[in-house]
Amino acid sequence: MSDFPTKARVVIIGGGVVGASSLYHLAKKGWSDCVLLEKNELTAGSTWHAAGNVPTFSTSWAIMNMQRYSTELYARLGDEVDYPMNYHQSGSIRLAHTKERMQEFERALSMGRYQGIPMEMWTPEEARERYPFLETHDLAGVLYDPTDGDIDPAQLTQALAKGARDMGAKIIRFCPATGVTQQEDKTWVVHTDKGDIACDYVVNAAGYYAQRVGEMFEPYGGRKVPMMVMSHQYLLTEQIPEIEAWSKENGGVKLPLIRDVDVSYYLRQEKHGYNLGPYEPNCKAHWDTDGDVMPDDFSFQLWQ
Ligand SMILES: Cc1cc2nc3c(=O)[nH]c(=O)nc-3n(C[C@H](O)[C@H](O)[C@H](O)COP(=O)(O)OP(=O)(O)OC[C@H]3O[C@@H](n4cnc5c(N)ncnc54)[C@H](O)[C@@H]3O)c2cc1C
């Protein structure tokens, strides 16, 4: 491959949303002499199957701030890089079943407002007015976040990749990083079957392969990346006539996303049906025993 780069400032391993975002942001800051290596196609890891919900809520200031930044970026990115994409800021209502949960929400609301997110606390009755299908008998109140929503994660990754490429960064697909070597001057060489790339920094953005990529650095003092793979799912319903009728009556807008941390699920309008995403309390760990090892490739695949 004649135009295969032999040098870069940064090599990013992994072409999911995190790797593409890293490449885009480095290029934005002027580091466009960077290369992203993806062993399959962009988004082949977790990213292609993400539900794409984009919250801002957090009880951590820093995480809320990063998420707020993301919502602002996603709202302008399509135009900025000329890659239109589906981003719906439908808003969300976060259900509080107890007074203690309300207190938590009030604290998050104060942080949110300070960061410029116009969150509101609603009574169950107010929530019902805005979300007519809601059962409110066991609610203490709700937190409304108008900036919450959902994005197509594959489109987002491609938009970030386009923006990075347009600024001069390189993306090499179907090119796994097979190992690294640290040279005497502390710079790195990333090995691939297509050639080696010398660089100052390596970013491990390998998603559920991050521990395996991390092992490449163990001879050089790298620590084991602490992680565990779990299966996770969402369910899509058929179209629901009541939702279709409500959407039509309301000028085609989407219902706000429901988030319920006590029962542990989100419920999002998807076309005229629902996407129900549980955060499984008894979720199953995978690829964690000798008889169940991580496959070399799981691109675009799902569990049974
Ligand atoms: C069912 C489901 C629903 C989800 N819903 C949401 C949601 O609503 N909102 C949300 O924010 N998140 C959600 N997530 C989580 C989200 O998908 C992940 O957090 C995100 O996609 C991780 O991106 P990543 O770039 O870190 O990893 P990945 O997308 O896994 O990308 C890693 C990439 O690295 C590549 N790679 C691995 N090893 C190498 C190597 N040696 N050389 C080169 N390339 C390599 C892989 O091929 C892969 O493409 C959901 C996930 C699932 C499964």
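**Close-up views of the second largest pocket and the ligand site**

**View 1. The second largest pocket holds about 320 Å³ of space.** The model is predicted: local features need pLDDT of at least 70 and side-chain atom pairs pLDDT 80 or more, whereas totals for chains, interfaces and linings use all residues. Residues are numbered from 1 along each chain as its sequence is written, and side-chain values use heavy atoms, without hydrogens or water. A pocket is an open set of points, on a 1 Å grid over the protein atoms alone, where a 1.4 Å probe fits, with protein on both sides within 12 Å along at least five of seven lines; lining residues have an atom within 4 Å of a point. Volume is the space filled by probe spheres set on the points, which are joined across faces, edges and corners.

**View 2. The second largest pocket is lined by 17 residues.** Closest to its centre are Ala 51, Ile 151, Asp 152, Arg 268 and Glu 270. Two or more lining residues come from each of β8 (149-151), α5 (153-166) and β16 (265-270) (DSSP runs; helices H or I of at least four residues, strands E of at least two).

**View 3. The ligand is surrounded by 27 residues.** Each has a heavy atom within 4 Å of the ligand; the closest are Glu 38, Ser 46, Thr 47, Asn 53 and Ala 177.

**View 4. Ligand oxygen atoms make polar contacts (N or O pairs within 3.5 Å).** One ligand oxygen lies 2.7 Å from a side-chain N or O atom of Glu 38. For polar backbone atoms, the distance to a ligand oxygen is 3.2 Å at Gly 52 and 3.3 Å at Val 17.

Key:
A polar contact is a pair of N or O atoms within 3.5 Å; within protein, one must be able to donate a hydrogen and the other to accept it, and residues adjacent in sequence count only if both atoms are side-chain atoms.
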